[in-house]
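Visitor: Could you walk me through this one? I would like to go from the contacts outwards.

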Amino acid sequence: MVSKDSKVSLFCENCGTKIYSGRYCAKCQAEMEKRAALEKKNEKTLKHINQMQGTVVRPKADDGQMRFFNNDKK
Ligand SMILES: [Zn+2]
């Protein structure tokens with residue numbers, strides 16, 4: 001049984017507003033969800049960029065290493 005006068009009082013971890021369940025008030029919850037959606041979008045974009053860079057950088061790095069070892073031996 002949960003009543004409005006329950007001894008258990010929670011506070012929004014973001015703004016401190018009194019809440020009855022969860023960790024954030026409705027306002028902050030909505031804000032978090034918005035931010036989470038944005039971060040997911042950014043993650044996707046970053047992954048895409050990393051993949052594109054990876055295909056360009058890898059062959060160059062291998063080539064450079066081989067040359068470095070050849071020079072070192074002389
Ligand atoms: Zn809040």
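Visitor: Which residues is threonine 17 in contact with, leaving aside its neighbours within four places in sequence?
Guide: Happy to help, and please keep in mind that this is a predicted model. Threonine 17 sits in the loop between strand S1 (10-11) and S2. Beyond the neighbours within four places in sequence, the contacts of threonine 17 are Phe11, Cys12 and Cys25.

Visitor: Is threonine 17 buried, partly exposed or exposed?
Guide: Let's go by the neighbour count: threonine 17 has 13 C-beta neighbours inside 10 Å. A residue is exposed at 12 or fewer and buried at 20 or more. Threonine 17 therefore counts as partly exposed.

Visitor: And glycine 22, is that residue buried or exposed?
Guide: Glycine 22 belongs to the loop between strand S2 (18-19) and helix H1 (26-73). Because glycine 22 has 12 C-beta neighbours inside 10 Å, the residue counts as exposed.

Visitor: What distance separates the C-alpha atoms of glycine 22 and leucine 10?
Guide: Along the chain, glycine 22 and leucine 10 are 12 residues apart. In space, their C-alpha atoms are separated by 8.0 Å.

Visitor: What pattern does the chain follow when read along the sequence?
Guide: The secondary structure comes to one helix and two strands. Read along the sequence, the pattern is β-β-α.

Visitor: What percentage of the residues in the chain is buried?
Guide: The chain has 74 residues. Of these, the buried ones make up 1%.

Definitions and conventions: Residues numbered from 1 in each chain as written. Predicted model: local features only at pLDDT ≥ 70, side-chain atom pairs only at ≥ 80, totals over all residues. Helix = DSSP H or I, 4+ residues; strand = E, 2+ residues; numbered from the N terminus. Contact = placed C-beta atoms within 7 Å.
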